[in-house]
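Me: I would like to see how the labels used for a protein model follow from their definitions. Please show the model, and then I will ask.

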Amino acid sequence: MKVAFLQREWFENIGIMSLAGMLKEKGYRVEAFVNSAEKDILSSVKKYDPQVVCFSCTTGEHLWALETARRLKS
């Protein structure tokens, strides 16, 4: 199973790194996508074709996460 983690800005996210490490140990394929580092994050995620998409966001970034999830679903 492929899992995608998305975050808006680049920073070392200990939560994502811990979860990704655990998932990789269990045999999952994991990729992280950072909006500020991608030309088109939606295209990158769609090309990866994950079965599960996870968002990491803080207060104020939740609107970006909701809009990005909506756009990925359509």
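What follows is a set of questions and replies about the labels.

Reply: This is a predicted model, in which local features need pLDDT of at least 70 and side-chain atom pairs count only at pLDDT 80 or more, while totals for chains, interfaces and linings use all residues. Residues are numbered from 1 along each chain as its sequence is written, and side-chain values use heavy atoms, with hydrogens and water left out.

Me: What makes up the secondary structure of the protein?

Reply: There are 3 helices and 3 strands. Helices (H or I, at least four residues) and strands (E, at least two) are DSSP runs, numbered from the N terminus. Along the sequence they follow the pattern β-α-β-α-β-α.

Me: How do you know that the radius of gyration agrees with a compact globule?

Reply: The globule rule is 2.2 Å times the number of residues to the power 0.38, and the radius is taken over C-alpha atoms. For 74 residues a compact globule would have a value near 11 Å; the protein has 12 Å, so the two agree. The C-alpha trace spans about 30 × 25 × 20 Å along its principal axes.

Me: Why is the pair of F33 and Y48 called tilted?

Reply: The structure holds 2 aromatic pairs, and this is one of them. Rings of Phe, Tyr and Trp (its six-membered ring) pair if their centres lie within 6.5 Å; planes under 30 degrees apart count as stacked, over 60 as edge-to-face and the rest as tilted. The centres of F33 and Y48 lie 5.7 Å apart and the planes are at 55°, so the pair is tilted. It links distant parts of the chain, with F33 in strand β2 (residues 29-34) and Y48 in helix α2, 15 residues apart.

Me: Why is the pair of F55 and W64 called edge-to-face?

Reply: The ring centres of F55 and W64 are 6.0 Å apart and the planes are at 75°, so this pair is edge-to-face.

Me: Which of these four rings are buried, and which partly exposed?

Reply: Buried means under 20% relative accessible area, exposed over 50%, partly exposed in between (1.4 Å probe, protein chains only). F33 has 8%, so F33 is buried. Y48 has 12% and is therefore buried, and W64, also with 12%, is buried. F55 has 28%, so F55 is partly exposed.

Me: What is notable about the phi of D49?

Reply: D49 has a positive phi of about 60° although it is not a glycine. Most residues other than glycine have a negative phi. D49 lies in the loop between α2 (41-48) and β3 (52-56).
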